[in-house]
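Biologist: Could you walk me through reading a model like this one, feature by feature? I would like the general idea, then the case at hand.

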2 protein chains.
Amino acid sequence: MEENAQSYRWSGRVPDWLQRQAMTRGTTLAIENNSVQWTYAELWDRAQWLAAELGAAGIRRGDRVALLARRGTAFALGVHSLIQGEMVLVPGNTRLTPEELAWQWQDAGVVAVLFDNGHASLAQRVLASTDLSMGQWNLEELSGPLASEELHRHSREDIDLQAIHAIVYTSGTTGHPKGTLITYGNHLAGAMGSAQRLGLNKQDRWLVPMPLFHVGGLAVLMRSLIYGTTAVLHDEFDPVRVNEEIDRGRVSLLSAVPTMLLRMLDVHGERPFQGHLRAVLLGGSAAPTYLVERCLKAGLPMAQSYGLTEANSQVATLAPEEASTKIGSSGLPLLFTEVAIMQDGCMVAAGEAGEIVVRGPTVTPGYFGQPTVTVQALQKGWLHTGDIGCLDTEGYLYVLDRRSDLIVSGGENIYPAEVEQILTAHPAIQDAAVVGVTHVQWGQIPVAFVVAVAPGVQQMRVSVEELQDYCRHRLAGYKIPQKFFWVDTLPRNASGKLMRKEVRQWLH
Amino acid sequence: MEENAQSYRWSGRVPDWLQRQAMTRGTTLAIENNSVQWTYAELWDRAQWLAAELGAAGIRRGDRVALLARRGTAFALGVHSLIQGEMVLVPGNTRLTPEELAWQWQDAGVVAVLFDNGHASLAQRVLASTDLSMGQWNLEELSGPLASEELHRHSREDIDLQAIHAIVYTSGTTGHPKGTLITYGNHLAGAMGSAQRLGLNKQDRWLVPMPLFHVGGLAVLMRSLIYGTTAVLHDEFDPVRVNEEIDRGRVSLLSAVPTMLLRMLDVHGERPFQGHLRAVLLGGSAAPTYLVERCLKAGLPMAQSYGLTEANSQVATLAPEEASTKIGSSGLPLLFTEVAIMQDGCMVAAGEAGEIVVRGPTVTPGYFGQPTVTVQALQKGWLHTGDIGCLDTEGYLYVLDRRSDLIVSGGENIYPAEVEQILTAHPAIQDAAVVGVTHVQWGQIPVAFVVAVAPGVQQMRVSVEELQDYCRHRLAGYKIPQKFFWVDTLPRNASGKLMRKEVRQWLH
């Protein structure tokens with residue numbers, strides 16, 4: 001049988017989703033964000049208009065355009081305009097430093113940037129730190145489509161399922177962020193797989209109180225588009241407001257990470273939740289048992305899941321009704337997705353631990369401009385996640401350890417190698433190891449073990465504040481180590497590879 | 001832009017659906033038929049066992065196998081076993097004569113036949129009227145999988161979305177039935193398009209009181225499989241029993257044709273329906289206004305639809321909530337499907353009538369062994385249906401006339417050319433025209449206008465009974481003209497083409 005990686009991807013052409021929803025359910029709400037409500041007809045109107053603006057400014061099909069926004073309407077308008085213009089979205093993590101974003105924009109060859117009011121100055125700082133010159137649009141200061149401008153709009157052709165929709169940056173063990181290619185087919189398969197697992201209702205309203213620049217948020221925007229349902233966007237996470245939306249029966253689905261649930265439960269108190277929430281799709285990291293128990297008690301239908309950027313978010317999901325019988329599991333793979341466990345290049349039996357590998361139509365075709373890394377990550381169609389897990393005899397996935405070195409803090413991924421690279425560039429530091437420690441509110445926080453250039457001398461002069469301040473100019477805040485431990489040496493194996501496991505044991 | 005017909009089809013590989021459902025929701029009911037209930041685990045077990053039996057008898061991947069059954073469990077077992085064995089299903093319309101079926105089996109190169117108790121003798125008669133010799137299995141007399149036969153089972157590989165699942169025969173204007181190829185991708189796209197329109201619930205139970213050998217019934221079996229939900233199968237249509245299933249809240253979806261709805265309403269009386277039926281997917285022919293009104297009054301959520309074998313059933317569907325505002329419409333195209341109206345090879349504007357053309361991933365790749373007919377039917381990916389219709393400014397489809405000559409009687413399609421061909425083979429008949437007349441119970445019934453070989457003489461000797469008896473040996477009962485009118489001549493144009501419109505006017 002053909003073992004071609006290509007064959008696990010879907011190909012074909014489909015009518016443009018936004019155009020179709022605007023035509024067929026034009027009065028249905030597409031986006032709700034604070035007091036703003038956009039129907040599909042209105043969103044299509046705005047997206048076509050901005051796509052035409054971008055086109056008139058010389059931005060072409062296939063060009064990469066960065067998006068820096070937390071305001072839901074701004075982000076959604078950016079996403080849909082780029083789809084209409086057949087341009088490639090490069091969503092920026094607004095928590096990153098200008099230097100981190102500049103690296104990504106240069107890597108992706110970004111030719112324009114869209115931003116909201118809150119990130120106009122960040123966009124300027126990114127541009128100032130690069131030699132990039134590009135078109136800039138403040139999404140909240142657009143004149144917008146006027147009724148008289150009938151002709152000034154751009155309408156796209158069919159969607160090619162293999163075309164690239166977005167490049168989403170994710171760091172990795174190498175320390176250099178990589179641009180994960182996300183296709184329209186990845187979105188279609190994810191939407192359909194998720195609908196089969198969580199159900200689909202024409203009246204669905206899916207609340208995303210998380211940033212939209214991660215695949216978890218972006219996927220909800222795209223799924224709502226494909227379903228023709230409503231995406232409810234909160235610009236920032238406010239547990240009281242999320243609880244209100246649930247209790248008032250205003251949302252049927254919610255995406256969240258464990259730390260959010262914890263805060264929601266804390267402010268909600270003892271009383272059970274009202275409304276008709278069908279599932280809380282829980283990503284980011286595994287929920288601890290006590291959180292599962294509190295959710296069950298409060299009547300929150302939690303659906304734990306395992307996902308990653310390279311599989312366009314959801315890979316496996318535990319149905320809410322299984323939450324209490326399969327504690328600790330991330331559930332079963334989505335309908336079109338295969339999950340297996342590998343050790344030394346071979347599949348292992350149920351119960352045995354190994355690397356989680358994923359195959360199917362939600363898997364990325366690769367990393368932008370990185371053919372070698374792509375070949376390493378995708379072998380015979382199997383995405384090698386680097387995460388450790390096992391399957392039980394019923395096929396339920398248990399994630400034992402995220403990419404041995406990955407730290408997940410408040411839903412954000414921190415790749416130690418990236419932080420270590422910054423630390424070792426400091427004149428006082430010779431070697432560094434960054435690991436995560438458990439934290440009640442954030443799940444994990446990063447801490448650093450550092451070796452001084454001149455042991456016994458240097459560490460006396462460099463303060464923690466100075467090191468954190470040094471990091472603050474180079475790293476997003478959530479990546480900055482909360483503690484620094486000076487050590488004489490770090491455990492490395494014969495080939496010089498850091499043995500993080502041993503470092504982590506120092507913390508116990 | 002690329003105008004390749006291929007590109008509107010989906011390609012890729014997906015994990016086997018039955019295996020996946022058996023593994024992930026093994027205890028969920030797959031099939032309910034009378035007092036028999038099969039879970040997905042049990043159905044997979046049985047299907048693998050029979051697939052192994054067929055394989056051991058020499059039937060190979062890609063071989064065509066006929067299925068003659070009305071018993072739901074038998075039909076479902078046949079379908080799923082052939083999928084597991086990667087063989088091609090040729091579902092037989094059990095109302096056809098042995099001669100009609102023999103023609104199809106020979107055309108498809110059928111190598112084996114599966115049947116239920118009720119159709120054992122029909123299968124024998126088909127074989128007797130051909131020179132085909134083939135393996136035969138009575139689906140109700142199988143020993144079935146025994147626990148000890150652990151190894152005697154066949155498990156298939158991934159599903160290739162472009163692989164042929166079935167060959168479904170449909171007659172046409174030429175008078176010769178054609179084998180419509182149905183791919184796995186056609187089913188996937190249909191399932192997903194339908195879920196987006198009608199919603200999807202893990203507890204769904206979809207009742208099919210219609211034959212499963214038409215695409216309308218077969219599609220429900222395949223959709224339930226893809227969703228992992230329950231197909232409820234009635235071997236024959238009993239309006240009292242269907243009403244009971246609805247009123248007791250035992251089904252959430254129902255497939256039916258207008259004549260069935262009429263009988264259901266008649267026996268149900270004035271009281272409104274109970275339960276939680278989400279939609280009655282109504283195919284076959286447009287529902288007359290008085291039927292729409294009765295359904296609305298009785299609380300039956302009817303979803304009128306337009307479909308055809310070549311598009312694997314559903315093309316467009318009117319949502320139940322639009323039934324009263326868009327009376328007469330078959331609704332909007334499914335999410336991945338495009339519908340347009342053509343006249344002389346050009347698309348026409350909203351409101352103008354013309355031929356309905358359909359493009360998208362549910363459209364057949366063509367007719368078995370008929371490259372020329374396939375090229376004619378599929379131009380640049382557009383399936384030319386032969387049906388006449390128009391779109392309103394909102395994109396809603398109105399079917400004005402099924403393939404000018406098509407007669408739909410009680411949900412069965414009758415192609416006049418096929419009947420005329422039989423009639424003109426009678427020694428007393430020189431020429432014939434068959435048209436449909438409106439009938440309260442069946443929607444339409446066929447009547448024939450015949451020209452005698454020796455006018456004024458022959459018609460005195462050949463009785464209607466004799467002609468009907470002659471037809472009975474050659475045509476399925478529902479195709480036999482209910483009335484015969486002797487005429488001197490039939491209206492034909494210069495090129496000899498029958499002008500059916502004029503014939504139909506004779507009836508007014």
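**Reading strands, sheets and a two-chain contact**

Modeller: Gladly! Keep in mind that this is a predicted model. Let us begin with one pair of residues: B:Val113 has B:Gln136 as its bridge partner in S7(B).

Biologist: In which sense do S6(B) and S7(B) pair, and over how many bridges?

Modeller: The general idea is that strands of a sheet pair through backbone hydrogen bonds, either parallel or antiparallel. Here S6(B) and strand S7 (residues 135-138) of chain B make a parallel pair with four bridges. To get from S6(B) to S7(B), the chain passes through helix H5 (residues 120-128) of chain B, and this β-α-β crossover is right-handed.

Biologist: Which other strand pairs with S6(B)?

Modeller: Strand S4 (residues 64-68) of chain B does, in the parallel sense and over five bridges. Within that pairing, B:Leu67 is matched with B:Leu114 of S6(B).

Biologist: How many residues of strand S6 are buried?

Modeller: For burial, count neighbours: a residue is buried if 20 or more other C-beta atoms lie within 10 Å of its own. In strand S6 (residues 110-115) of chain B, six of the six residues are buried, so the strand is largely enclosed by the rest of the structure.

Biologist: And what does an exposed residue look like by that count?

Modeller: Take A:Thr393, in the loop between strand S22 (382-391) and strand S23 (397-401) of chain A. The cut-off for exposed is 12 or fewer, and A:Thr393 is exposed because it has 8 other C-beta atoms within 10 Å. As for its position relative to A:Thr183, the two are 210 residues apart in sequence and 33 Å apart in space, C-alpha to C-alpha.

Biologist: Back to covered strands. Which way do the residues of S15(B) point?

Modeller: Look at the two faces of the strand in turn. B:Met302, B:Gln304, B:Tyr306 and B:Leu308 point one way from S15(B), while B:Ala303, B:Ser305 and B:Gly307 point the other way, and all are buried. That fits the count for strand S15 (residues 302-308) of chain B, where seven of its seven residues are buried and the strand is mostly covered.

Biologist: Which strands pair with S15(B)?

Modeller: One is strand S14 (residues 279-282) of chain B, parallel to S15(B) over three bridges, with B:Val280 opposite B:Met302. Another is strand S16 (residues 313-317) of chain B, joined to S15(B) in the antiparallel sense by four bridges. There, B:Leu308 has B:Ser313 as its bridge partner. S15(B) and S16(B) form a hairpin with four residues between the strands, and B:Asn312 takes a positive phi near 50 degrees in it.

Biologist: How should I read a whole sheet, then?

Modeller: Follow the strand order, then the sense of each pairing, then the edges. In chain A, three strands form an open sheet in the order S26-S27-S28, with mixed pairing. Strand S26 (429-439) and strand S28 (483-487) of chain A are at the edges with a single partner strand each, so one side of each has no neighbour in the sheet. On average, neighbouring strands are turned by 25 degrees against each other, direction ignored.

Biologist: How do S26(A) and strand S27 run relative to each other, parallel or antiparallel?

Modeller: S26(A) and strand S27 (residues 443-452) of chain A run antiparallel, joined by 10 bridges. A:Ala432, for instance, has A:Val450 in S27(A) as its bridge partner. Across S26 and S27 of chain A lies helix H12 (residues 416-424), at about 140 degrees to S26(A).

Biologist: What about the pairing of strand S27 with S28 in chain B?

Modeller: Strand S27 (residues 443-452) of chain B and S28(B) run parallel, with five bridges between them. One bridge there has B:Val447 and B:Lys483 as partners.

Biologist: Finally, how are the two chains related?

Modeller: Ask what movement lays one copy on the other. Chain A superposes on chain B by a rotation of 180 degrees with 0.0 Å of shift along its axis (RMSD 0.0 Å). The two copies are thus related as by a two-fold rotation axis.

Biologist: How many residues does the contact take from each chain?

Modeller: The contact takes 29 residues from chain A and 29 residues from chain B. On the side of chain A that touches chain B, strand S1 (13-14), helix H1 (17-24) and helix H6 (184-198) each supply at least two residues. The residues of that side comprise 14 nonpolar, nine polar and six charged. Since 100% of the interface residues of chain A are also interface residues in chain B, the copies meet through the same surface.

Definitions and conventions. Residues numbered from 1 in each chain as written. Chains lettered and ligands numbered in written order. Predicted model: local features only at pLDDT ≥ 70, side-chain atom pairs only at ≥ 80, totals over all residues. Pairing = 2+ DSSP bridges. Right-handed = clockwise from strand over helix to strand, strands pointing away. Contact = placed C-beta atoms within 7 Å. Nonpolar A, V, L, I, M, F, W, Y, C, P; charged D, E, K, R; others polar. Axes fitted to C-alpha atoms, helices over the stretch in contact; angles between N-to-C directions. Least-squares fit on C-alpha atoms with pLDDT ≥ 70 in both.
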